[in-house]
Amino acid sequence: MNASKLANYTNVKARELWKTLYLCAKENSKRRFHALYDKIYRPDILAEAWRRVKRNKGSGGVDGTTIANIVEEYGESRFLNEIYLDLKKKRYRPSPVRRAYIPKGNGKQRPLGIPTIKDRVVQMATKLVIEPIFEADFQDCSFGFRPKRNTHQAIAKLRKACRDVSWVVDVDIQSYFDNINHEKLMKLVKMRISDRRVLKLIYKWLKAGVMEDVRFHETEVGAPQGGVISPLLANIYLNYMDVIWTKQFSHLGALVRYADDFVIVCKTKQNALQSIRVIKTIMARLDLAINEEKSRLVNIWGNTDGFDFLGFHHRKFPVWLKGGGCIHVLSQSPSKKAMKGMRQKIKEYTQPRNKLYWSMANMIRGLNRILQGMKNYYMISTIAKKWLRRIDWYVIERLTLFWNKKRNKRRKFGKKGEIMKITQGKLVKLAV
């Protein structure tokens with residue numbers, strides 16, 4: 001059996017397991033699963049987990065091993081066989097995560113915890129096995145880090161919920177991933193899983209600790225952002241809120257959640273204020289807190305105020321009717337933070353001086369990959385065109401600067417017309 005056929009066969013077997021576990025969990029909401037550990041080290045599951053980790057790329061952990069090292073030097077079969085034996089003989093021990101930081105839009109830094117490649121594969125295999133069980137319990141209001149769900153679906157639900165309402169509660173949780181209570185999370189996991197070996201695996205990852213430079217830090221709370229299984233655990237934790245809201249408080253408003261970002265859409269201000277009190281109570285039960293500075297209560301009745309959610313600014317823009325009347329319809333445009341991020345990404349790609357040796361065709365080819373991704377995400381309404389045209393113009397400015405530097409021209413932004421002719425029909429336009 002060649003590699004492609006083996007991969008297809010493995011995918012089919014993994015999907016069959018996923019479907020079986022999902023249907024069993026869906027059929028009985030109180031069923032607890034006890035025989036899962038041996039499925040985690042099944043060769044087809046480990047092979048599928050490795051394929052996904054390899055596809056996601058990413059840097060190495062504290063042991064310094066990278067994906068390239070495994071593929072080119074160590075050997076993939078040898079690597080997976082060692083994981084198989086470690087899990088089967090219960091010798092597997094997770095390593096601490098490597099601390100790294102990425103810049104945030106507000107100038108601060110977001111801490112990431114990067115597991116080793118080996119830990120990522122085991123986490124992915126565990127995720128493949130337990131995810132369908134919890135997926136059967138997750139509510140329709142949740143969209144983040146779930147199979148076949150994305151941000152555009154969340155925005156579509158938000159748009160529908162805002163048709164006849166006036167108030168939106170925009171909630172930001174204070175350092176969510178850093179404050180997840182381990183004991184309460186494990187209680188929620190145990191509601192569906194009784195296999196002690198799987199529970200022990202998850203608990204070990206939570207308690208694995210963090211290596212920052214050469215110093216080790218214990219982890220008493222939180223789930224590291226960067227871990228393969230962390231988004232699933234984060235969804236399990238907040239599903240507690242989703243269930244309570246859906247069963248007891250949905251009359252107050254519609255909840256739309258993507259990971260730790262969520263909004264509640266309410267008809268009246270009274271409902272919105274009551275929603276805030278309910279959410280604060282639920283957060284207290286989960287040992288979480290609302291970020292008072294970033295959370296807002298917004299009146300979206302007219303074109304006066306809006307809110308940011310999932311990289312978009314949501315506002316009811318006026319739509320003029322043929323008879324001269326006017327209605328306000330919720331629409332989306334890229335948020336100020338998103339606009340700044342797009343410009344920064346384009347600048348970082350075009351700025352390095354070693355790229356002055358590139359041809360204009362090579363520069364356009366690389367930029368197009370970035371621009372197409374931006375277009376696919378942000379071009380979801382006619383309102384967005386107005387803002388995305390500014391990004392199109394900024395791209396021309398950056399290419400003009402690149403062209404003039406390459407040719408040693410003194411006027412940095414001269415010859416824009418020439419660049420527009422050169423790129424016509426070749427450059428991806430966001431506002432088209």
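**Exercise 1. Classify Lys-207, then describe its salt bridge and the parts it ties together.**

Step 1. Lys-207 has 28% relative accessibility, so it counts as partly exposed. The classes are: buried under 20% relative accessible area, exposed over 50%, partly exposed in between (1.4 Å probe, protein chains only).

Step 2. This is a predicted model: local features need pLDDT of at least 70, side-chain atom pairs count only at pLDDT 80 or more, and totals for chains, interfaces and linings use all residues. Residues are numbered from 1 along each chain as its sequence is written, and side-chain values use heavy atoms, with hydrogens and water left out.

Step 3. Lys-207 forms a salt bridge with Glu-220; the closest N and O atoms are 3.7 Å apart. A salt bridge is a side-chain nitrogen of Lys or Arg within 4 Å of a carboxyl oxygen of Asp or Glu.

Step 4. Lys-207 lies in the loop between helix H9 (196-206) and E4, and Glu-220 in the loop between E5 and helix H10 (230-249), so the pair ties together parts that are 13 residues apart in sequence. Helices (H or I, at least four residues) and strands (E, at least two) are DSSP runs, numbered from the N terminus.

Step 5. Glu-220 has a relative accessible area of 52%, so it is exposed.

**Exercise 2. Compare the salt bridges of Arg-146 and Arg-149.**

Step 1. Start with the count: the structure has 19 salt bridges.

Step 2. Arg-146 pairs with Glu-135, with 2.5 Å between the closest N and O atoms. The two residues are 11 apart: Arg-146 in the loop between H6 and H7, Glu-135 in helix H6. Both Arg-146 and Glu-135 are buried.

Step 3. Arg-149 meets Asp-140 in a salt bridge at 3.4 Å, N to O. Arg-149 is partly exposed, at 22% relative accessible area. Asp-140 is exposed, at 54%.

Step 4. Add a network: salt bridges link Glu-48, Arg-51 and Arg-52.

**Exercise 3. Work out the strand order and pairing of the sheet that holds E1, E2, E4 and E5.**

Step 1. The sheet is open, its four strands are in the order E2-E1-E4-E5, and the pairing is mixed. Two strands pair if DSSP finds at least two bridges between them.

Step 2. Find the edges. They are strand E2 (109-114) and strand E5 (215-217), each pairing on one side only. From one strand to the next, the twist averages 40 degrees. Axes are lines fitted to C-alpha atoms, for helices over the stretch in contact; angles run from 0 to 180 degrees between N-to-C directions.

Step 3. Go across the sheet. E1 and E2 are antiparallel, with six bridges; Ile-102 has Arg-110 in E2 as its bridge partner. Strand E1 (residues 97-103) and E4 run parallel and share two bridges; Arg-98 is opposite Met-211 in E4. Strand E4 (residues 210-212) and E5 run antiparallel, joined by three bridges; Val-210 is partnered by His-217 in E5.

**Exercise 4. Describe the hairpin of E6 and E7, including its turn.**

Step 1. Strand E6 (residues 254-258) pairs with strand E7 (residues 261-266) in the antiparallel sense over five bridges. Val-256 stands opposite Val-263 in E7.

Step 2. Two residues lie between the strands, and Ala-259 in the turn has a positive phi of about 55 degrees. Most residues other than glycine have a negative phi.

Step 3. Four of the five residues of E6 are buried, so E6 is largely enclosed by the rest of the structure.

**Exercise 5. Describe the positive phi of Lys-57 and of Lys-148, with their settings.**

Step 1. Lys-57 is not a glycine, yet its phi is positive, about 60 degrees. Lys-57 lies in the loop between helix H3 (43-56) and helix H4 (67-74). Lys-57 is exposed, at 61% relative accessible area.

Step 2. Lys-148 also has a positive phi of about 60 degrees without being a glycine. Its loop runs between helix H6 (117-135) and helix H7 (151-161). Lys-148 is exposed, at 82%.

**Exercise 6. Classify the ring pair of Tyr-349 and Trp-358.**

Step 1. The structure holds 11 aromatic pairs. Rings of Phe, Tyr and Trp (its six-membered ring) pair if their centres lie within 6.5 Å; planes under 30 degrees apart count as stacked, over 60 as edge-to-face and the rest as tilted.

Step 2. The ring centres of Tyr-349 and Trp-358 are 6.1 Å apart and the planes are at 70 degrees, so the pair is edge-to-face.

Step 3. Tyr-349 is buried, at 16% relative accessible area. Trp-358 is partly exposed, at 28%.
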